[in-house]
Amino acid sequence: MTSKNPRLRADAQRNVEGIRLAALDVFRAHGLSTPLEAVARAAGVSKGTIYHRFGGRQGLIDAVVEELVAERITGIITAVGAIDDPVERFESYLRQIWLLQYDEPAANDVLLRSMPASGAVNALCEHANENAGRLLADAQATGKVRADLTAEDVWLLIWERGIIARACAEQPRDGYRRRSEYTLRGLRGD
């Protein structure tokens with residue numbers, strides 16, 4: 001009797017795990033659009049092995065995105081959820097998301113939706129956007145955040161900061177963070 005999901009041989013399982021770990025390292029450092037050759041080189045396998053085991057870039061991204069980015073975004077959502085003040089909760093969320101975009105190219109790729117064919121990436125981005133919309137609504141209810149700011153505006157601000165983080169790789173983190181604070185001050189109500 002054969003199984004629908006036959007177990008991989010030990011060497012094949014080691015290859016799969018090696019590719020997955022290499023992808024985490026390479027994507028974390030250089031983003032999701034890093035050539036698969038770099039992942040294959042880091043894993044010590046051929047590019048064909050990646051295609052055989054994961055079906056290509058999309059399958060590989062889907063296999064690692066949860067560990068690569070989702071845990072970080074979920075951690076941010078959880079951390080800001082513990083903040084009592086709705087304005088500080090909203091601003092802290094944006095600060096942390098913007099710094100995540102600066103620090104981790106793969107997270108930036110997720111938030112910029114640079115892999116539109118990935119259901120896992122799109123679901124993660126949508127989850128982050130929905131959370132930002134809820135935080136915005138709560139902050140606006142205090143009257144301290146601009147009433148004319150929309151959830152789409154917030155998404156575009158996250159997108160813009162991501163483009164800035166990507167385009168200005170040589171800028172110091174502290175300068176990026178400082179300029180993000182200017183943006184946050186502009187979101188406050190009169």
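1. Let's start with an enclosed space. The residues lining the largest cavity are Arg95, Trp98, Leu99, Tyr176, Arg177, Ser180 and Glu181. Two elements, α5 (86-103) and α9 (173-186), each give two or more residues to this lining. The biggest contribution is that of α9, with four residues. Please keep in mind as you look around that this is a predicted model.

2. How much space does the largest cavity hold? It holds about 30 Å³. Searching the whole structure turns up one cavity of 30 Å³ or more. Sorted by class, its lining has three charged residues, three nonpolar ones and one polar one.

3. Now try the largest pocket, whose volume is about 190 Å³. Twelve residues line this pocket, and those nearest its centre are Gln101, Pro105, Asn108, Ala165 and Arg166. Three helices give two or more residues each to the lining: α5, α6 (105-111) and α8. Which of them gives the largest share? That is α6, with three residues. By class, the pocket lining divides into five polar, five nonpolar and two charged residues.

4. Next, some helix packing. Two packed helices are described by two things, the angle between their axes and the distance between those axes. Take α7 (residues 119-140) and α8 (residues 151-167): their axes come within 9 Å and cross at roughly 125 degrees. An angle over 115 but not over 145 degrees counts as oblique, so α7 is oblique to α8. The crossing of this pair is right-handed.

5. Which residues of α7 and α8 meet? From α7 come Cys125, Asn129, Ala132, Gly133 and Leu136, and from α8 come Ala151, Val154 and Trp155. This contact of α7 with α8 has six nonpolar and two polar residues, with no charged ones. You could pick out Trp155 on α8 and then look for the α7 residues in the list, such as Leu136.

6. A second pair to find is α2 (residues 36-43) with α3 (residues 47-54), where the axes come within 8 Å and cross at roughly 95 degrees. Because angles of 65 to 115 degrees count as roughly perpendicular, α2 is roughly perpendicular to α3. On the α2 side, Leu36, Glu37, Val39 and Ala40 make the contact, and on the α3 side Lys47, Ile50 and Tyr51 do. How do these residues divide by class? Five are nonpolar, two are charged and none is polar.

Note on methods:
Residues are numbered from 1 along each chain as its sequence is written. This is a predicted model: local features need pLDDT of at least 70, side-chain atom pairs count only at pLDDT 80 or more; totals for chains, interfaces and linings use all residues. Side-chain values use heavy atoms; hydrogens and water are left out. Axes are lines fitted to C-alpha atoms, for helices over the stretch in contact, and angles run from 0 to 180 degrees between N-to-C directions. Angles under 35 degrees count as roughly parallel, over 145 as roughly antiparallel, 65 to 115 as roughly perpendicular and the rest as oblique. A crossing is left-handed if the near helix is turned anticlockwise from the far one by less than a right angle, and right-handed if clockwise. Contact means heavy atoms within 4.5 Å. Ala, Val, Leu, Ile, Met, Phe, Trp, Tyr, Cys and Pro count as nonpolar, Asp, Glu, Lys and Arg as charged, and the others, Gly among them, as polar. On a 1 Å grid over the protein atoms alone, a cavity is a set of points where a 1.4 Å probe fits but cannot get out, and a pocket is an open set with protein on both sides within 12 Å along at least five of seven lines; lining residues have an atom within 4 Å of a point. Grid points are joined across faces, edges and corners, and a volume is the space filled by probe spheres set on the points.
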